[in-house]
Amino acid sequence: MAVAATPNATLPQIKGVKDVPYDELFVSGHRTCQGCESALVMRHMIKAAGPRTIVLGSTGCMYVANTTYYTTPWVVPWMHTQLGAAGSAALGTSAGLKVLMRKGKLPNEKINVIAFCGDGGGADMGLGAISATLTHKEYNSLILLYDNESYANTDIQLSSMTPYGAITTFSPTGKAKRLMHTRWKKNVPGMLAAGHPESRYIAAACAGYAVDLMNKIRRALEVGGPTFIHTIDPCPKGWDYHPQYSQELGHLAVETGIWPLYEVFDNKLNLTGPTRQIAEGRKKRKPVVEYLKRQGRFAHFTDEDVDHFQGEVDKMWEKWLIPGVIPFTIAEKDRALLRVDTTPLHEVKKPA
Amino acid sequence: MATTEKTATVAVKPGEERLVSIEVVYRGIFQKTLAQRICRGVVLASRRRNYTGTAFARYGDSPERNGVPAKQFAVVAPTDLELEAGMAKYEPAVVDVSVAVDDTLVKGIESWAWYGRQPIWKPVRDNGFVLVTSNSTPDELVQQTDKAERPYTLAVVPGGASFAGLWVYKDDHTDYRVLGALARLLPDWLPIEDVKASIRESTKDEARVVSVQFGYDNVRTREVKKGEGTDAHEKLQFEKPGWTKMREGIIVEARKPGERNPFYKKYTARTLRPVVNFDTCIKCTMCWLDCPDECFEVTPSGHYEVVYEACIGCGICAQVCPVKDCIVMVDELKFTDNTDKFVLYDKQPDAYRQWFTEMTGLPAIGSDKPAATGGD
Amino acid sequence: MATIIEKGQDAVSSQIEVEALVTGCEAIAEAIRLADVDVMAAYPIRPYDGVMQAAAKLIADGKMDVEYIVADGEHSQFEIVKHACAVGARVFVGSSGVGWFYAMEAIAVTGGLRLPVVAICGNRALDDPGAFGTEHNDSLAVRDLGWLMPWAETAQESLDLALMAWRVGEDKRVSLPVAIGLDGAFLTHSQTIVKIPTQDAVNKFLPKYDLGNRLLHPDNPITIAPQVDQDWLMEIRRQNDAAMRRAQDVIREAHADFKRLFGRGGDNPFLDEYMTDDAEYVFFGQGTLALPMKVAIRRLRAQGHKVGLVRLKWFRPFPTADIVKSLLRFKAIGVIDRDYSFGSPNYGGVLYHEVRSALYSQPKRPVVLSFIAGLGGREIDQNMATQIFEKTKQAAEKGSLDQGDTCTWIGVRE
């Protein structure tokens, strides 16, 4: 049963947990793991977007586990897309709706289009298509990358989002090589924000901060054009921790400074949640060891490994041009070239 | 050269292959390595007297989901020829022993890729075995198994469920105790001396051999007659339609607003379930907000009750609840049904408090206050 | 003589059928305009992309209203139209050679999804080495994926088959994607006079695209393509099989309508026969190779040889009954493949295997020969035609072929 169309529907910002919509549009009986944070992202995503939304899901956990044939947990229209096709699915769907409404073949109304992909689909295989979509400013869509830091559906294999040193089935630890994986994780939202000046909204979020996540989703859908949100999703299976700690692990990822929360709205950066507090010096970054030691995938880490990890995160905060967002900096002699808004962070007004 | 070797192998009459099939039912991911080690252990021990075998996981259970029941198998035969009858399958149609390495699995199992809940004894042959690792007695466990459709023997090897993560195996000898127990149940197939010799050779650790012997010595059995067991579990069965009935274009109807997935309920993934102290609940909504399985529903009084059919038992709600002991995770074996409990609290608050204490072992704080009712 | 117009210029508002001197690609662009396509996705690769260039110009000049998306690669191209198709948009897409292969994942799923995407494959040899002449192995790689596959001989037929493609593909009894084969260079890049039908006539022929209860829209909430396992896939494949089988009758129906409305298309929707009435042996092939072979036939006929040509117009669904009925009349069939199947039975071409397989259950069969010709876009000239003829004639007279002599490479330097 469809919910009636509301042509001028707007998605106001959610004021607090009590203001979160109650109705579920992604219902129980999906086949995800105990404590699956990505399932929670799906739930929050569609709660925030509402019933007049089409969701495209690329291959990954949130396809295979959620939508097993003859059953579905989705109340809204949902369609599978290929692993590397989240960007193209969003683009094609949005273009189809746009032209059909223009030609009068479909009633004119605002229909949200959201394509989701995992870190494998979004940061590896599908990055090119996402990048292309973010340049097509005439088509409204949101691409949501849920990042559980491995190809978690296929058996926890290494992706370009797997953190430094972590064990996966493609990067086991062994006698000859303690660390098989020594690449630093790609900075996807920062890269996309830097490279797609016409995308009006790009954000990094975490379901551990549910209202922040839902508001980012609403803002992305409200501003229109192609938008992108990247969530960090603790994965009890691949990260190896008890499922009850999913929320806590998400909080730790943010509080240690490993995963900064922010949004780039109309080319203006706005740090959110604890990340803002850390940046403003109101909160101390927790040592990364507090995060690493909670997970079996880092159980083989020596003190050296932890120190290296900490060092890289420190660099993010101390050396990067914009902490956690833009990884390069500017030579001292060129400082004058920087067009820095000198307003203290706590005085920057959040976008409405 | 002939493709079929003419050897001294006794010709096997079709349908008379000698095979023994063992399945290990386990909690996805948490016991994946354990199940693997048991199945491999069976095949390798059989090699002591030149039997052969195969060990495999149910392909459809992979990718495994944390906590969601899954199966692995060991099939052993005296000859390669006979083993062929047990090969190229997703699972044996009939098994001699079903091993449940977590006793809450006796309440029935539904893998993430199947349709419908299965009794734990479903593939076990007439007079076969269900072997459970548990600290409960066979008499206690049989109260939670589905009513038997044919006789079998329920065997218990002492020990709690051994859970571990994907990368760090909890080497607590559960696998050796189970192998010892299997030797006891299947002396013709797995002589205890063979199992011990195999473990001794592969681990060079006498302590592990001792654990095998412990399992062998301490397994307790109880015959379960046809009709014994409980009727209380939901019958979840699913008829698969044919191609002329299925919608074209690989399409299924969306869920209706307010509906839950009727074909997959997920609760057999649960080893613990949340029990809520409604008296101390401050209605902060955090359990509802952070539940990845949408299992909390608001009551007219503004409380959040657990819909047990939907709960997978992850424990996030208990973890995010800001009130101490307001949401308590309790052993699933203590419960015989999936009935939602708020009605009891609403209508008979004292009975609910008594139940809360009975289940959690904790005092129901606030029992002197009247229960909150609609409109709060 | 009909009114001749400049490409795309006056055809839009014309009340009468006009003629234009256009390439096969440009003819397809006219079909896109006439079909009121909603979404198309482009990516450059020779030789197909002339369609996209011509369509872009039609859009720039305001001759048609299409969402024209320049994609970041062929995979995206095909994914974009697939998803637009699912929300009810009539779509067009295309590629060539290795570009077609780059899109292969999207091509595979579109068949499975039963979405009536219409594509052209401007046939091109596959890399490596890089080559851009025509060869049919690109199209043929999708032969088992549930796509309808017509093959054009002329620019006129390109336009006509494109209109047929939407009509048949979108028919609810079928609902399958269509890949039209267009020979690179000879068809994609050669201008000939093409009759461009009026919008009114096309509207009579081509109903509006209507997905019905398969439309992905909030008013029709459905889940499309959830993951399946071994419990379901055979049933889903069987549904696709049934749709492909039904396509034969739908093509016949559409072909009859097309003939009635436009007066073109020949007697049989699947086969185009040339001088076969009293023929003893025939050439068999698809695409533009029919053109030099017809010239050869006239020459050979003048010398008194009873030779003809059967050209296949739809490779999928393969018109087995029509083929059997037609080919059993002859003593020998020389199948000319502009493709090759390395290591296949008798080391033959793809079409050869299909024809042979179609005839196998007949108690008395003609001799079937395989000729590999024109690979990489090499021209098929009259010398080659003569070689093909002589070998076919010999086999017809002998009534059999020697083991190991079933496949002949024509015009290859030793």
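# Terms and values in chains B and C

Author: Strand 16 of chain C runs parallel to strand 17 (residues 407-409) of chain C, and three bridges join them. This is a predicted model, in which local features need pLDDT of at least 70 and side-chain atom pairs count only at pLDDT 80 or more, while totals for chains, interfaces and linings use all residues. Residues are numbered from 1 along each chain as its sequence is written, and chains are lettered from A and ligands numbered from 1 in the order in which they are written.

Reader: What makes strand 16 and strand 17 of chain C a pair?

Author: Strands are DSSP runs of E with at least two residues, helices are runs of H or I with at least four, and both are numbered from the N terminus. Two strands pair if DSSP finds at least two bridges between them. Strands 16 and 17 of chain C have three bridges, so they meet that rule. Within this pairing, Phe371(C) has Thr408(C) as its bridge partner. The connection from strand 16 to strand 17 passes through helix 13 (residues 382-398) of chain C, and this β-α-β crossover is left-handed.

Reader: How do you know that strand 15 of chain C pairs with strand 16 of chain C?

Author: By the bridge count again: strand 15 (residues 332-337) and strand 16 of chain C share six bridges in the parallel sense. Ile336(C) is found opposite Phe371(C) of strand 16. From strand 15 the chain goes through helix 12 (residues 350-359) of chain C to strand 16, and this β-α-β crossover is right-handed.

Reader: What makes a crossover right-handed?

Author: Look with the strands pointing away from you: if the path from the first strand over the helix to the second runs clockwise, the crossover is right-handed. The one through helix 12 of chain C is given that name.

Reader: Why is strand 16 of chain C called mostly covered?

Author: A residue is buried if 20 or more other C-beta atoms lie within 10 Å of its own, exposed if 12 or fewer do, and partly exposed in between, with C-beta atoms placed from the backbone. In strand 16 (residues 367-372) of chain C, six of its six residues are buried. Both faces are covered, with Val367(C), Leu369(C) and Phe371(C) on one side and Val368(C), Ser370(C) and Ile372(C) on the other.

Reader: Is His173(B) buried or exposed, and how do you know?

Author: His173(B) has 20 other C-beta atoms within 10 Å, so it is buried. This residue is in the loop between strand 6 (152-158) and helix 4 (174-185) of chain B. Its phi is near 70°, a positive value in a residue other than glycine.

Reader: And what is Asn346(C) called, buried or partly exposed?

Author: Asn346(C) has 18 other C-beta atoms within 10 Å, and therefore counts as partly exposed. It lies in the loop between strand 15 and helix 12 of chain C, with a positive phi near 60°.

Reader: Why point out a positive phi or a cis bond?

Author: Most residues other than glycine have a negative phi, and most peptide bonds are trans. Here, the bond from Asp127(C) to Asp128(C) is cis, with omega near -20°, and so is the one from Arg316(C) to Pro317(C), with omega near -5°. Asp128(C) sits in the loop between strand 6 (118-123) and helix 6 (137-140) of chain C, while Pro317(C) is in the loop between strand 14 (314-316) and helix 11 (320-327) of chain C.

Reader: What makes the two domains of chain C touch, and how many residues take part?

Author: Domain bounds come from an automatic or database domain assignment, and chain C is divided into domain 1 (4-262) and domain 2 (271-409). Two residues are in contact if their C-beta atoms, placed from the backbone, lie within 7 Å. On that count, 25 residues of domain 1 of chain C are in contact with 21 residues of domain 2 of chain C. Helix 9 (233-262) is among the elements that give two or more residues to the domain 1 side, and helix 9 gives the most, four residues.

Reader: How many residues of chain B are in contact with chain A?

Author: 41 residues of chain B are in contact with 51 residues of chain A. Helix 8 of chain B gives the largest share of the chain B side, four residues.
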